[in-house]
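Here are a few exercises to work through with the structure open beside you. Try each task before reading its solution.

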Amino acid sequence: MKLYLVPTPIGNLDDITYRAVKVLQSVDAVLAEDTRNSGVLLKHLNISKPLYAHHAHNEHHGTNGIIKLLKEGKTLALVSDAGTPAISDPGFLLVRECLKQGIEVECLPGATAFVPALVNSGLPADRFTFEGFLPHKKGRQTRLKNLVEEERTMIFYESPHRLLKTLEQLAEYLGGERQGCVSRELTKVFEENIRGTLTEILTHYQANPTTIKGEIVIVVAGKA
């Protein structure tokens, strides 16, 4: 019995690792955030495996069933729609319960969107804090206020329809002169990286709202 955490490409399907393919070929079943998306990947890799849904809406009550399968001797792979499981995606609760139950867990190295976004931003990468998605409502202002004095480079995930609001608030709380970078559609054909001050980046997207599409990573310099 064993649970593998298998990173999947964040855009370009060729970014899957050889080891990830071997693990997906060897497991008894795959736990997927969205079985439709993962089905496309497995088909691309010519892999046929049972797919079970494991996402944010069922991970609490579905974990016990997965633990039961593992204790029956099954070997399972957990994948998210893109990137490494448990990084702003389901996975933490299952990993914690597996470890509590004495079930072996192994995480493969692989794609994670914030790493290329951080490295190609041109901002210091020796020390950074990954903030993931800011709270939508409750606790949002508190989180932003707590980041005002942060000296490390900060990384955020954001959805297209919240990007302008988030850039406005980051400029308000951290200062419009703060350097940043917005990376969009990383590894894909239309990858875009907009660098500059938060005010400059906000102005760019206010003037080009139709380009706000796909997965977005915001990288912001820490306080000097």
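A salt bridge here is a side-chain nitrogen of Lys or Arg within 4 Å of a carboxyl oxygen of Asp or Glu. Keep in mind that this is a predicted model.

**Exercise 1. A bridge from Lys2**

Task: Find the residue with which Lys2 forms a salt bridge, and decide whether Lys2 is buried or exposed.

Solution:
- Step 1. Look for a carboxyl oxygen within reach of the Lys2 side chain: the partner is Glu104, with the closest N and O atoms 3.4 Å apart. That falls within the 4 Å cut-off.
- Step 2. Place the two ends. Lys2 sits in strand S1 (residues 2–5) and Glu104 in strand S5 (residues 104–107), so this pair links distant parts of the chain, 102 residues apart.
- Step 3. Check the accessibility. Lys2 has a relative accessible area of 14% and is buried, because buried means under 20%. Glu104, at 46%, is partly exposed.

**Exercise 2. From one pair to a network**

Task: Which residue does Arg19 meet in a salt bridge, and which residues are joined into one network?

Solution:
- Step 1. The side chain of Arg19 meets that of Glu106, at 2.2 Å from N to O.
- Step 2. Arg19 belongs to helix H1 (residues 18–26) and Glu106 to strand S5, so the pair ties together parts that are 87 residues apart in sequence.
- Step 3. Arg19 is partly exposed, with a relative accessible area of 39%.
- Step 4. Now turn to another pair: Glu149 forms a salt bridge with Lys223, and their closest N and O atoms are 2.6 Å apart. Glu149 is in the loop between helix H6 (140–146) and strand S7 (153–158), while Lys223 is in the segment after strand S10 (216–220), 74 residues apart. Lys223 is partly exposed at 35%.
- Step 5. Salt bridges that share partners join Lys2, Arg19, Glu104 and Glu106 into one network. A search of the whole structure finds 10 salt bridges.

**Exercise 3. Two residues and their surroundings**

Task: For Ser38 and then Pro160, work out where each one lies and which residues it touches.

Solution:
- Step 1. Ser38 is part of helix H2 (residues 35–44). Its relative accessibility of 5% makes it buried.
- Step 2. Setting aside residues up to four places away in sequence, Ser38 touches Ala32, Leu51, Val79 and Ser80.
- Step 3. Pro160 is in the loop between S7 and helix H7 (163–174), and at 31% relative accessibility it counts as partly exposed.
- Step 4. Without its neighbours within four places in sequence, Pro160 is in contact with Ile212, Lys213, Gly214 and Ile216.
- Step 5. For a distance check, take Pro160 and Arg140: they are 20 residues apart in sequence and 18 Å apart in space, C-alpha to C-alpha.

**Exercise 4. The chain as a whole**

Task: How does the radius of gyration of the chain compare with that of a compact globule?

Solution:
- Step 1. With 224 residues, a compact globule would have a radius of gyration near 17 Å.
- Step 2. The chain has 19 Å, which agrees. Along the principal axes, its C-alpha atoms fill a box of roughly 55 × 35 × 30 Å.
- Step 3. Add the make-up of the fold: eight helices and 10 strands, with buried residues making up 48% of the chain.
- Step 4. Consider contacts between residues at least 6 apart in sequence: 70% of them join residues at least 24 apart.
- Step 5. Finish with the surface and charges. The chain exposes about 11600 Å², of which carbon and sulfur atoms supply 52%. The mean positions of its 26 positive and 26 negative charges are 5 Å apart.

Conventions:
Residues numbered from 1 in each chain as written. Predicted model: local features only at pLDDT ≥ 70, side-chain atom pairs only at ≥ 80, totals over all residues. Heavy atoms only, no water. Helix = DSSP H or I, 4+ residues; strand = E, 2+ residues; numbered from the N terminus. Buried < 20%, exposed > 50% of the residue type's maximum accessible area, 1.4 Å probe, protein only. Rg over C-alpha atoms; globule rule 2.2 N^0.38 Å. Contact = heavy atoms within 4.5 Å. Areas by Shrake-Rupley, 256 points an atom, 1.4 Å probe, with all protein chains shown as cover. Lys, Arg positive; Asp, Glu negative; His and termini not counted. Charge placed at Lys NZ, Arg CZ, Asp CG, Glu CD.
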